[in-house]
Amino acid sequence: MPRKRTYLMSPPEHFAVEYTINPWMDPTAPVDVELAVKQWENLRETLVRHEHTVHVLPPHAGLPDMVYAANGAFSVDGVVYGARFRYPQRSAEAALHRAFYDPGSWRFHDPVEINEGEGDFAYVPGTGGGVVLAGFGFRTDPTAHAEAQEVLGRPVVSLRLTDPRLYHLDVALAVLDDTNVTYYPGAFSDGSRRVLERLFPDAVLADEADALAFGLNLISDGRHAFLNSEATALGAKLSAAGYTPVHVELGELKKGGGSVRCCIAELRP
Ligand code: ARG
């Protein structure tokens with residue numbers, strides 16, 4: 001069931017917490033950039049060791065959140081739906097991601113609506129012929145869900161996020177394989193929770209502590225679930241469900257409000 005994946009990551013050489021656009025960011029708390037780079041490098045090496053391909057997007061001075069590469073775009077079957085960031089502090093990242101996608105191999109769509117790429121979009125290839133799960137409530141506008149559906153030609157299921165600490169879909173839910181997910185029900189509205197129960201009756205359910213440890217901010221290749229080292233309780237739930245947790249230390253990047261999944265854009269050529 002595991003498949004080799006292609007990822008895009010951007011090193012945290014210019015990482016800093018200089019502003020507050022989510023509840024985790026405290027500009028008065030010191031950040032160790034050298035340690036952040038080391039932890040990021042370890043994540044990259046771990047993915048490569050598991051035979052995944054990792055492309056690197058050069059970082060930019062003045063864009064301290066660029067390490068969270070998941071937010072830069074969302075691709076399915078060679079079609080890329082570009083990002084348009086909610087906050088001006090990050091808006092320049094969108095064009096840098098756009099430049100990565102070679103027009104010879106990708107069809108890139110510039111978005112009209114505000115959306116933060118894989119931060120709020122997830123793809124489940126084996127459910128409903130390939131379904132897109134899409135979060136809204138904090139960052140991505142719900143109007144972007146319809147735009148993504150038009151661009152990607154895949155059904156988009158809108159899910160309302162309700163906990164400001166879990167402000168992107170990718171900190172509340174993760175795709176584990178072609179048909180299953182793990183999520184924290186408390187991050188979603190009642191109706192969205194009912195939708196998730198119908199679509200994924202066998203989902204691995206996480207609790208609040210798992211979510212706040214950024215455990216759900218994981219990336220899976222279908223078998224190995226790469227997740228941060230604090231999320232040991234979720235790791236145990238995933239192993240009980242037949243997955244192999246691979247823990248990586250990413251403490252510095254938590255200060256910006258992200259972990260493993262935020263640092264990785266999955267490319268689906
Ligand atoms: N500081 C970044 C922001 O608030 C963190 C982004 C986290 N990325 C993610 N995919 N959840 O935009």
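Before we look at anything, one definition: in what follows, Ala, Val, Leu, Ile, Met, Phe, Trp, Tyr, Cys and Pro count as nonpolar, Asp, Glu, Lys and Arg count as charged, and the others, Gly among them, count as polar. Please also keep in mind that this is a predicted model.

Hi everyone, let's start with the ligand. How many residues surround the ligand? There are 16 of them, and the closest are Asn 22, Arg 90, Arg 139, Asp 170 and Gly 256. With our definition in hand, we can sort this shell by class: 6 residues are nonpolar, 6 are polar and 4 are charged.

Now for some individual contacts. The side chain of Arg 90 places a polar atom 2.7 Å from an oxygen atom of the ligand. Gly 256 takes part through its backbone: a polar atom there is 2.7 Å from a nitrogen atom of the ligand. Asp 65 joins in with its side chain, where an N or O atom is 3.0 Å from a ligand nitrogen. And how much of the ligand does the protein cover? On its own the ligand has 350 Å² of accessible area, and the protein covers 100% of that.

So much for the contacts; next, the empty spaces. Rolling a probe the size of a water molecule over the atoms is a way to show where empty space is left. Searching the whole structure turns up 3 cavities of 30 Å³ or more. Where does the ligand sit? It sits in the largest cavity, whose volume is about 70 Å³. This cavity has 13 lining residues, and those nearest its centre are Asn 22, Tyr 68, Arg 90, Tyr 167 and Gly 256. By class, the lining holds 5 nonpolar, 5 polar and 3 charged residues.

The second largest cavity has a volume of about 50 Å³. Among the residues that line it are Ala 213, Phe 214, Asn 228, Glu 249 and Lys 254. Its lining is made up of 3 nonpolar, 5 polar and 3 charged residues.

Last stop: the largest pocket, with a volume of about 400 Å³. Of its 29 lining residues, Arg 5, Tyr 123, Val 175, Glu 266 and Arg 268 lie nearest the centre. Which elements give two or more residues to this lining? They are strands S6 (121-124), S9 (173-175), S12 (219-220) and S15 (265-267). The pocket lining divides into 14 nonpolar, 3 polar and 12 charged residues.

Thanks for listening, and do have a look at Arg 90 and Gly 256 in the structure, since both are among the residues closest to the ligand.

Methods. Residues are numbered from 1 along each chain as its sequence is written. This is a predicted model: local features need pLDDT of at least 70, side-chain atom pairs count only at pLDDT 80 or more; totals for chains, interfaces and linings use all residues. Side-chain values use heavy atoms; hydrogens and water are left out. A residue is near a molecule or strand if one of its heavy atoms lies within 4 Å of it. A polar contact is a pair of N or O atoms within 3.5 Å; within protein, one must be able to donate a hydrogen and the other to accept it, and residues adjacent in sequence count only if both atoms are side-chain atoms. Accessible areas come from the Shrake-Rupley method with a 1.4 Å probe; for residues, only the protein chains shown count as cover. On a 1 Å grid over the protein atoms alone, a cavity is a set of points where a 1.4 Å probe fits but cannot get out, and a pocket is an open set with protein on both sides within 12 Å along at least five of seven lines; lining residues have an atom within 4 Å of a point. A molecule sits in a cavity or pocket if more than half of its atoms lie within 2 Å of its grid points. Grid points are joined across faces, edges and corners, and a volume is the space filled by probe spheres set on the points. Helices (H or I, at least four residues) and strands (E, at least two) are DSSP runs, numbered from the N terminus.
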